[in-house]
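This report describes one protein structure by its secondary structure, contacts and buried residues. The sequence and structure come first, and the description follows.

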Amino acid sequence: MTDLSNDTVTASGTGAVARTLHAVVSDVANVKNFGALGNGSTDDTAAIQAAINSLSAGGKVFFPAGTYRVSAEISSTVRGVVFCGVGQQGSILSTASATANILNISGWDSAVEMLGFTSSVARTAGAFVLLTGAFSHVDRCRFDNHYCAININSPAAPVYVRDCVFHNAVAATAAANGGGIWINVPGTDVRLEGLLFLNDTVGPPTYGINVRAVGALMLDNSDIVGQGT
């Protein structure tokens, strides 16, 4: 088989320069290039982690349309990593664990954008996104069937969550880290904007936003419906 990775391509337009195919495909860590299938049944955990591990100084981890099954926590410590998909109903991460976090993001200046999160099992602990990296954000995402959707814990500088939907949380009133968004960040500012927390039926109560400690909390243009607490 011929190796074409060092062959060059040139984008159209004045001033475009030739680049190797290897350089072009390395611009974005597409999880399918690392073996993820996104078919909803194959375990894509290792492939997604490999895509993250390929980034050494920030970059984009891209999820093409599909449902990506994960069975264990996926972690990111590199600064400036953006996790993104084609939309909250198009690129979905579905956990097969009742307790494990899906994404544990500790790298500063990171982001989660245009992704959906759900569970194929009843959740009893853990967060879909555990966010501890300062100056990070979650934007235009959807969370279904969560014990805790986003756990904001220990960032050393402000973070924000914007334009997200939190749907059908499981009951988590009495337990630590339960609710749509759990906030435990003494001295750190958190901004929440354009959020919808919605349970289709009011069953055992859960929290929409559970604030244990925060520097300043800015909450704008958001609805909390049918949470029970």
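## Val165 and its surroundings

Val165 is found in strand E18; helices (H or I, at least four residues) and strands (E, at least two) are DSSP runs, numbered from the N terminus. This is a predicted model, in which local features need pLDDT of at least 70 and side-chain atom pairs count only at pLDDT 80 or more, while totals for chains, interfaces and linings use all residues. Residues are numbered from 1 along each chain as its sequence is written, and side-chain values use heavy atoms, with hydrogens and water left out.

With a relative accessibility of 19%, Val165 counts as buried. Buried means under 20% relative accessible area, exposed over 50%, and partly exposed in between (1.4 Å probe, protein chains only). Not counting residues up to four places away in sequence, Val165 touches Gln88, Cys141, Arg142, Phe143 and Leu196, where contact means heavy atoms within 4.5 Å. Between Val165 and Asp223 the C-alpha to C-alpha separation is 9.8 Å, although their positions lie 58 residues apart in sequence numbering.

## Overall composition

The protein has 2 helices and 24 strands. Of its 229 residues, 45% count as buried. Among contacts between residues at least 6 apart in sequence, 67% join residues at least 24 apart.

## Nonpolar core

The largest nonpolar core holds 44 residues, and Phe117 and Phe143 touch the most other members. Such a core is a set of buried Ala, Val, Leu, Ile, Met, Phe, Trp, Tyr and Cys residues joined through side-chain atoms within 4.5 Å. Helix H2 (residues 45-53) supplies the largest share of this core, 4 residues. In soluble globular proteins, nonpolar side chains tend to be buried together.

The buried residues of H2 are Thr45, Ala47, Ile48, Gln49, Ala51 and Ile52. They pack against strands E3 (28-30), E4, E5 (59-63), E6, E7 (74-76) and E8 (81-85). Outside the helix, Phe117 touches residues that include Ile92, Leu93, Val112, Phe128, Cys141 and Phe143, not counting residues up to four places away in sequence.

## Aromatic pairs

The structure holds 6 aromatic pairs. Rings of Phe, Tyr and Trp (its six-membered ring) pair if their centres lie within 6.5 Å; planes under 30 degrees apart count as stacked, over 60 as edge-to-face and the rest as tilted. The pair of Phe143 and Phe166 is stacked, because the ring centres are 5.1 Å apart and the planes are at 15°. Phe143 lies in strand E15 (residues 142-144) and Phe166 in strand E18 (residues 165-167), so this pair ties together parts that are 23 residues apart in sequence.

Phe143 is buried at 0% relative accessibility, and Phe166 is buried at 2%. Ring pairs link Phe117, Phe128, Phe143, Phe166 and Phe197 into a cluster.

## Strand E6 and its partners

In strand E6 (residues 66-70) the side chains alternate: Gly66, Tyr68 and Val70 point to one face and are buried, whereas Thr67 and Arg69 point to the other and are not. E6 pairs with strand E4 (residues 39-43) in the parallel sense over 2 bridges; two strands pair if DSSP finds at least two bridges between them. In this pairing, Asn39 stands opposite Thr67.

E6 also runs parallel to strand E9 (residues 91-95), joined by 5 bridges. Here Val70 stands opposite Thr95.

## Thr118

Thr118 lies in strand E12 (residues 116-119) and is buried, with a relative accessible area of 17%. Its side chain makes a polar contact of 3.3 Å with the side chain of Asn145. A polar contact is a pair of N or O atoms within 3.5 Å; within protein, one must be able to donate a hydrogen and the other to accept it, and residues adjacent in sequence count only if both atoms are side-chain atoms. Among the other residues that Thr118 touches are Ile92, Ser94, Phe128 and Asp144.

## Cysteines

A search of the whole structure finds 0 disulfides, a disulfide being a pair of cysteine sulfur atoms within 2.5 Å. For Cys84, the nearest cysteine sulfur is that of Cys141, 9.9 Å away. The sulfur of Cys164 is 5.0 Å from its closest cysteine sulfur, in Cys141, which is too far for a bond. Cys84 is buried at 8% relative accessible area, and Cys164 is buried at 1%.
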